Amino acid sequence: MFVDGENRLWVEMGIYRGTVFRVYDLEGNFLFNAMVDYPGNWLTLNCWTIEADENGILAMTDLNGYSQKVYLLELADSI
């Protein structure tokens, strides 16, 4: 869980394939769902650490055997 720069609470859901969040305002009202759009194997998303602050959302891999990578994620509208 984390709170972003727009005071929205992001709760990672552990029941879906990949990385999915439910996003709420600070009063507890549901706003939207968000997921990481990743073209690779969705199982590798389970090894990501995702954090955010007022500057944006970062994702970091911690897979053994792979070089460290940092991704700057941006929020896009769904189609």
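This passage describes a small set of charged residues and the nonpolar core in a predicted model.

The charged residues come first. Two salt bridges were counted in the model. Asp4, Glu6 and Arg8 are linked through them in a network. Side chains of opposite charge can pair when their charged atoms come close.

Asp4 lies in a loop, between strand 1 (2-3) and strand 2 (8-13). Its relative accessibility is 8%. Buried means under 20%, so Asp4 counts as buried. Arg8 is placed in strand 2. The relative accessible area of Arg8 is 15%. This value is also under 20%, so Arg8 is buried too.

The side chains of Asp4 and Arg8 meet in a salt bridge, with an N to O distance of 2.7 Å. A polar contact between the side chains of Arg8 and Asp4 is also found, at 2.7 Å. Both partners of this bridge are buried: Asp4 has a relative accessibility of 8%, and Arg8 has one of 15%.

Which residue forms a salt bridge with Arg8 at 3.4 Å? The partner is Glu6, and 3.4 Å separates the closest N and O atoms. Is Glu6 buried or exposed? Glu6 has a relative accessible area of 59%. Exposed means over 50%, so Glu6 is exposed. Arg8 thus has a salt bridge with Asp4 and another with Glu6. The Asp4 partner is buried, whereas the Glu6 partner is exposed.

Asp4 has further neighbours. Residues up to four places away in sequence are set aside here, and Asp4 then touches Trp10 and Asp53. With Trp10 there is a polar contact as well: the two side chains are joined at 2.8 Å.

Trp10 leads on to the nonpolar core. Trp10 is one of the 12 residues in the largest nonpolar core. The other members are Phe2, Phe21, Val23, Ala34, Val36, Leu45, Trp48, Ile50, Ala52, Ile57 and Ala59. Which strands each supply at least two residues of this core? They are strand 3 (20-25), strand 5 (48-53) and strand 6 (56-61). Strand 5 gives the most, with three residues.

Trp10 therefore appears in both parts of this account: its side chain has a polar contact with the side chain of Asp4, and Trp10 belongs to a core of buried residues by definition.

Note on methods
Residues are numbered from 1 along each chain as its sequence is written. This is a predicted model: local features need pLDDT of at least 70, side-chain atom pairs count only at pLDDT 80 or more; totals for chains, interfaces and linings use all residues. Side-chain values use heavy atoms; hydrogens and water are left out. Helices (H or I, at least four residues) and strands (E, at least two) are DSSP runs, numbered from the N terminus. Buried means under 20% relative accessible area, exposed over 50%, partly exposed in between (1.4 Å probe, protein chains only). A polar contact is a pair of N or O atoms within 3.5 Å; within protein, one must be able to donate a hydrogen and the other to accept it, and residues adjacent in sequence count only if both atoms are side-chain atoms. Contact means heavy atoms within 4.5 Å. A salt bridge is a side-chain nitrogen of Lys or Arg within 4 Å of a carboxyl oxygen of Asp or Glu. A nonpolar core is a set of buried Ala, Val, Leu, Ile, Met, Phe, Trp, Tyr and Cys residues joined through side-chain atoms within 4.5 Å.
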